[in-house]
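Here is a friendly briefing to read alongside the model. Keep the sequence and the 3D view open as you go through the points.

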Amino acid sequence: MAKATQEQSTTQKSGSQASAGLQSTTAQNAQEKDSTSTMTSQENNGGANVKMDDTAPLSKFFLDALKDIYWAEKALTETLPKMQQAATTEELQDAFEDHTLQTQKHVLRLEKVFKLLQLPAEGKKCDAMQGLIKEGEEIIKNTPEGSMTRDAALIIAAQKVEHYEIATYGGLVQIALTLGESEIAEILDRTLEEEEETDMNLTDIAESSINFSAQEETEEDVEDL
Ligand SMILES: [Fe+2]
Ligand SMILES: [Fe+2]
């Protein structure tokens with residue numbers, strides 16, 4: 001009985017640390033994207049290497065969220081090449097090609113995470129990502145082929161995807177640390193950094209020329225395409 005009470009109190013403690021970690025995720029990601037942030041969070045966790053109890057609610061949520069992002073990353077490996085093909089400029093095509101390769105790596109990393117947890121890699125349909133993918137398909141349908149406007153719109157669609165991934169990985173890194181899964185946290189953090197770089201890269205591409213060219217595009221230009 002005493003043991004059960006102790007276990008419950010440990011679970012509650014982990015839960016509140018996770019939510020505190022989640023709240024500070026954005027600031028931490030902006031300021032401390034190196035291993036220093038990992039160390040700080042481990043220290044916050046009392047330095048204890050608590051093995052994950054996969055029956056605890058937070059652990060169950062963590063596993064569910066891993067399945068969700070695994071499904072999302074796998075879906076993106078099929079969507080990004082379509083966006084690459086639809087893009088007008090070589091610059092954006094190259095960016096989508098690079099990110100397809102990175103996304104394939106993200107899938108493999110998640111498979112490694114499942115392996116570390118001694119669980120089969122399993123996806124669970126992510127409604128949010130499915131919606132974002134649909135939005136990208138709508139953009140391809142509703143913008144003229146070969147136009148700069150299409151690229152400007154595709155960049156926004158891709159950035160919405162990146163932001164979903166950043167929010168997910170940012171939160172999962174903190175929960176992994178809270179659960180004492182520091183190796184898993186490091187793996188997820190590597191992907192988080194790549195998602196953030198991709199997001200910034202897309203902003204640079206939009207701001208360097210695409211948005212300006214799209215703004216100058218006239219209806220006649222588009223009709224001539
Ligand atoms: Fe990804
Ligand atoms: Fe991504």
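Leucine 154 is a good place to start: leaving aside residues up to four places away in sequence, Leu154 touches Met83, Ala86, Ala87, Leu92, Gly136 and Ile139. Leu154 also belongs to the largest nonpolar core, where Leu154, Ile155, Val173, Ala176 and Leu188 touch the most other members. Please bear in mind that this is a predicted model.

**The nonpolar core**

- The largest nonpolar core has 45 residues.
- Two or more of its residues come from each of helix 3 (57-86), helix 4 (90-116), helix 5 (127-142), helix 6 (148-178) and helix 7 (182-216).
- Which helix gives the most to this core? That is helix 6, with 15 residues.

**Helix 6**

- Helix 6 is largely enclosed by the rest of the structure, because 24 of its 31 residues are buried.
- From first C-alpha to last, helix 6 reaches 45 Å, close to the 45 Å expected at 1.5 Å a residue.
- After helix 6 comes glycine 180, with a positive phi near 80°.

**Helix 3**

- Helix 3 is made of 30 residues, and its first and last C-alpha atoms are 43 Å apart, close to the expected 44 Å.
- Where is helix 3 kinked? The kink, of about 35°, lies at threonine 77, shortly before proline 81.
- The buried residues of helix 3 include Leu58, Phe62, Leu66 and Ile69, and also Glu73, Leu76 and Leu80.
- Residues three or four places apart in an α-helix point the same way, because there are 3.6 residues a turn.
- Met83 and Ala86 are also among the buried residues of helix 3, and both are touched by Leu154.

**Helix 7**

- Helix 7 has 35 residues, so at 1.5 Å a residue it should span 51 Å; its end C-alpha atoms are 50 Å apart, which agrees.
- A kink of about 50° is centred on glutamate 207 in helix 7.
- Among the buried residues of helix 7 are Ile184, Ala185, Leu188, Leu192 and Ile205, together with Asp189, Thr191, Glu195 and Thr198.
- Leu188, one of those buried residues, is also one of the core members that touch the most others.

**Two exposed spots**

- Glutamine 118 sits in the loop between helix 4 and helix 5.
- The phi of glutamine 118 is near 55°, a positive value in a residue other than glycine.
- Is glutamine 118 buried or exposed? Glutamine 118 is exposed, because only 7 other C-beta atoms lie within 10 Å, and a residue counts as exposed at 12 or fewer.
- Glycine 131 is part of helix 5.
- Glycine 131 also counts as exposed, because it has 11 C-beta neighbours inside 10 Å.
- Although 30 residues separate glycine 131 from valine 161 in sequence, their C-alpha atoms are 9.9 Å apart in space.

**The chain as a whole**

- The protein chain holds eight helices and zero strands, giving the order α-α-α-α-α-α-α-α from the N terminus on.
- Of its 225 residues, 33% count as buried.
- Among contacts with a separation of 6 or more, 78% join residues 24 or more positions apart.

**Confidence**

- The average pLDDT of the protein chain is 83, and 77% of the residues score at least 70.
- What happens to pLDDT over residues 1-50? The score stays under 50 there, and the model has 46 contacts beyond four places in sequence for this stretch.

Note on methods:
Residues numbered from 1 in each chain as written. Chains lettered and ligands numbered in written order. Predicted model: local features only at pLDDT ≥ 70, side-chain atom pairs only at ≥ 80, totals over all residues. Core = buried A, V, L, I, M, F, W, Y, C linked by C-beta atoms within 7 Å. Buried ≥ 20, exposed ≤ 12 C-beta atoms within 10 Å, placed from the backbone. Helix = DSSP H or I, 4+ residues; strand = E, 2+ residues; numbered from the N terminus. Contact = placed C-beta atoms within 7 Å. Expected span 1.5 Å × (residues − 1). Bend = angle between axes of the 7 residues up to and from the residue. pLDDT = per-residue confidence, 0-100.
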